[in-house]
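The following exercises concern the chain shown below. Each task is followed by a solution that proceeds step by step.

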Amino acid sequence: MNIDNNTVLDTTFPVLLTPTKPRDLLDPNQKNYFLDFLLNQKPFSNEITFYENVAFLLNSASFRIDGMFIDTILESVNRLMKSMEVDDPNAKRTIAQSLFYSTHEAKKLEQENEFESMFGWKTSEIQEGQGNIFIKNLTIHPLFLTLSFQLKKKEAQENVFFLFNLLTSALGTALANLDEAPIQLKGINLTNVFDTQDSIVSKIISKYKDEVGQIALKLVGSLDIVGNPVGLFGNISSGVSDLLEKPAKGFLNGPLEGGKGIVTGAGSLVKNTVSGTMNSLGKVTGSLATGLSSLAMDDEYLASREQAKMKRPKHLGEGIYQGVGSIGKGVFEGVTGIFTKPIEGAQKGGVGGFLKGTFKGITGAIVKPVTGVLDAASKTAEGVKNTATAFDQKAAEMRSRFPRAFYGKDKFFRTYIDSDAEILWYLHFLDQKKAPSMLKNVSLLSSFEVFPDEKNKDDVYILAISYESIVFWGSKKRNLVWYFDPKTIDSISTYPNGLQINLTNTPPSLKDKQIQVKNCDANLNQFIYKKIMELKNY
């Protein structure tokens, strides 16, 4: 079970919540569950809510979150709260609540509210007393989570405090990141609980208050900037424990098993020591690189660096390869920025822009190469760590499917469609040298699978329609065939085996103003025609 992050396509943490040891959950010989919730209610009385058993179990899990996801959630909550605000104090239901009703029911409720507003005594609410609850067995199993967090870099506003804001932003970005901080809560087992709901919740919270201090210390000890000493200590202690326990258990079954235990324990100690040390080194250098890169004040450079960070090295070879690339990119962009940034600044802001560009170019010439070296050290260390732990159970780091597609400019969602999710993913990560930036975040309306040859169903294409562009995508080869701006459509017509689109000018991806879309489904052609005409007349 994975809970993916669908708020953005490119993120440091594509998976929000996932099991720490997934192989244990798939073992048919063990009845392990990732999430188990039991609520057994018996209707014995109208005055008392009676539960025979209440139990909650969350297996060992990894929770990863970044600042961008938190900002998205807060923005959604803020919008929801605003939608719940109504001018009429006598309204029984808010706008947000009315979303759960049909249009007919909403009109009916509105008429009822208008009628009842004339009779104040009818709309006054009587506070109900909270009912008593009896729980025969209440069990909350011990909880173990690892928490990882990456702070989103906030842009420094250009004012008199620009440099101060820039430095504090860089410092905050470097200090706030967490790496697999352990959060462990003891289990609770209560019997014959008789109280109100609020009192029961208060009792459960009070039992966990004593553990807050220990959790806070572990969070501080798991910061990337200090090398995650909690994780390093955990790895080494696990290796030492195996070094002592494996031989002891082995010798109980004979000298041969004891010898195997010595080898296994020693291997575990070496593996955990190497992986813990490399993890600490990688986190320190990575945090310094993240904070230092903010001083470059180059949004394109920072965006490309974030995409490079998402590519995790699987082994030492990939770590060295990516590290060398980081150094080369840092040196190249640092040197070329001395000449390109002043020109870009002058084109955008005249003399003032030229001076700002010169400052950015000089700063980048210092910051970018150093950042590249630090990134190289971080990538290499991560490659060594992943090589040492290649056969260990690990929490999933990649999504189980393409992120959900959201539609239109309002970003509403529909039932999950594979082809829509796939094309948005590939368009977002297209090489900008081969496609314009407008394809990176299109407002998709719909997409259609097109089969030019009825006999060859493997040769499938996707025609994607959005406000910004109409795209023809080769699903088999995963290549961009052509694209054009819907505003350039002059006319469109259908014929038995497809559509013909005439444009006012020739787009960069084509050699002609006329486009023929071959498709063997005549009914689908008519439907596509209507959709494109709706967009043309929008």
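**Exercise 1.** Determine what share of the protein chain is buried, and how its contacts are distributed along the sequence.

*Solution.* Buried residues, meaning those under 20% relative accessible area (exposed is over 50%, partly exposed in between; 1.4 Å probe, protein chains only), make up 36% of the 538 residues in the chain. The model is predicted: local features need pLDDT of at least 70, side-chain atom pairs count only at pLDDT 80 or more, and totals for chains, interfaces and linings use all residues. Residues are numbered from 1 along each chain as its sequence is written, and side-chain values use heavy atoms, with hydrogens and water left out. Next, take contact as heavy atoms within 4.5 Å. Of the contacts with a separation of 6 or more, 63% join residues 24 or more positions apart. Finally, the chain holds 14 helices and 18 strands, where helices (H or I, at least four residues) and strands (E, at least two) are DSSP runs numbered from the N terminus.

**Exercise 2.** Establish the strand order and the edges of the open sheet of 4 strands.

*Solution.* Two strands pair if DSSP finds at least two bridges between them. On this basis the order is E3-E4-E6-E9, with mixed pairing. Strands E3 (35-42) and E9 (188-196) each pair on one side only and are therefore the edge strands. Within the sheet, E4 (residues 48-58) and E6 (residues 132-140) are parallel over 8 bridges; one bridge links Tyr 51 to Ile 135 in E6.

**Exercise 3.** Show that the length of helix H11 agrees with expectation, and locate its buried residues.

*Solution.* The expected span is 1.5 Å times one less than the number of residues. For the 12 residues of H11 (residues 299-310) this gives 16 Å, and the end C-alpha atoms are 17 Å apart, which agrees. The buried residues of H11 are Tyr 301, Leu 302 and Arg 305. Viewed down the helix axis, they fall within an arc of 95°, so they line one face; the arc is that of the directions from the axis to the C-beta atoms. Their cover includes helices H10 (255-293) and H12 (316-388).

**Exercise 4.** Is Gly 276 buried or exposed, and which residues does Gly 276 touch?

*Solution.* Gly 276 belongs to helix H10. With a relative accessible area of 1%, Gly 276 is buried. Not counting residues up to four places away in sequence, Gly 276 touches Leu 232 and Asn 235. Gly 234 lies 42 residues from Gly 276 in sequence and 8.2 Å away in space, C-alpha to C-alpha.
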